[in-house]
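Visitor: I have a structure open on my screen and would like to know how the terms used for it are earned. Could you walk me through it?

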Amino acid sequence: QVQLVESGGRLVQAGGSLSLSCAASGRTFSRSAMGWFRQAPGKEREFVAAISWSGGITYYADSVKGRFTISRNNAKNTLYLQMTSLRPEDTAVYYCAAHTVLGGSSSIYDQSPEYDDWGQGTQVTVSS
């Protein structure tokens, strides 16, 4: 099991940049595929980005490709999401999530049910 705490969310103007962090505790972070999801008011939670346990494989939703970058530092038990060229439609609560992989698999996941552990979320608001 991994305990996750997101931080870094705030109000930012459109076109600006923001970096989110997700601090993990527990023994399995380095063996976990990780993901970022977001949920806007009145909408379903949606996939944003995912990264393999080693960081060697990443995957993005089309809506953020080229603007967001997911990364991780296993030595620091931390997941990151660097967001640039932010738009009002990026406004949402952002969640990080962990999926403990078996056998060193480099799989990544873009569906919420595939993740075992979730953080409490951090609010990102982009003003126009």
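What follows is a conversation between a visitor and a guide.

Guide: Happily! This is a predicted model, in which local features need pLDDT of at least 70 and side-chain atom pairs count only at pLDDT 80 or more, while totals for chains, interfaces and linings use all residues. Residues are numbered from 1 along each chain as its sequence is written, and side-chain values use heavy atoms, with hydrogens and water left out.

Visitor: What makes C22 and C96 a disulfide?

Guide: The term asks for a pair of cysteine sulfur atoms within 2.5 Å. Here the sulfur atoms of C22 and C96 are 2.0 Å apart, so the pair meets the definition. A search of the whole structure finds one disulfide. The link of C22 and C96 is right-handed, with 60° about the S-S bond. Because C22 lies in strand β3 (residues 18-25) and C96 in strand β9 (residues 92-100), the pair ties together parts that are 74 residues apart in sequence.

Visitor: Are C22 and C96 buried or exposed?

Guide: Both C22 and C96 are buried. That word means under 20% relative accessible area, with exposed over 50% and partly exposed in between (1.4 Å probe, protein chains only). Of the 128 residues of the protein, 42% count as buried.

Visitor: Which elements does the protein have?

Guide: It has zero helices and 11 strands. Both kinds are DSSP runs numbered from the N terminus: helices are H or I with at least four residues, strands are E with at least two.

Visitor: Why is the protein called as compact as a globular one?

Guide: The radius of gyration of the protein is 14 Å, close to the 14 Å that the globule rule gives for 128 residues, so it is as compact as a globular protein of that length. The radius is taken over C-alpha atoms, and the rule is 2.2 Å times the number of residues to the power 0.38. The C-alpha atoms fill a box of roughly 45 × 25 × 25 Å, taken along the principal axes.

Visitor: Which strands form the open sheet, and in what order?

Guide: The order is β1-β3-β8-β7, with antiparallel pairing. The strands β1 (3-7) and β7 (68-73) stand at the edges with a single partner strand each, so one side of each is left without a neighbour in the sheet.

Visitor: How do you know that β7 and β8 pair?

Guide: Two strands pair if DSSP finds at least two bridges between them. Six bridges join β7 to β8 (residues 78-83), so the condition is met. I70 stands opposite L81 in β8. Along β7, F68, I70 and R72 point to one face and are buried, whereas T69, S71 and N73 point to the other and are not.

Visitor: What makes N77 and S85 worth a look?

Guide: Most residues other than glycine have a negative phi. N77 has a positive phi of about 50° although it is not a glycine, and S85, also not a glycine, has a positive phi near 45°. N77 lies in the loop between β7 and β8, and S85 in the loop between β8 and β9.

Visitor: Why is N77 called partly exposed?

Guide: Its relative accessibility is 22%, so N77 counts as partly exposed. S85 earns the label too, because its relative accessibility is 41%.
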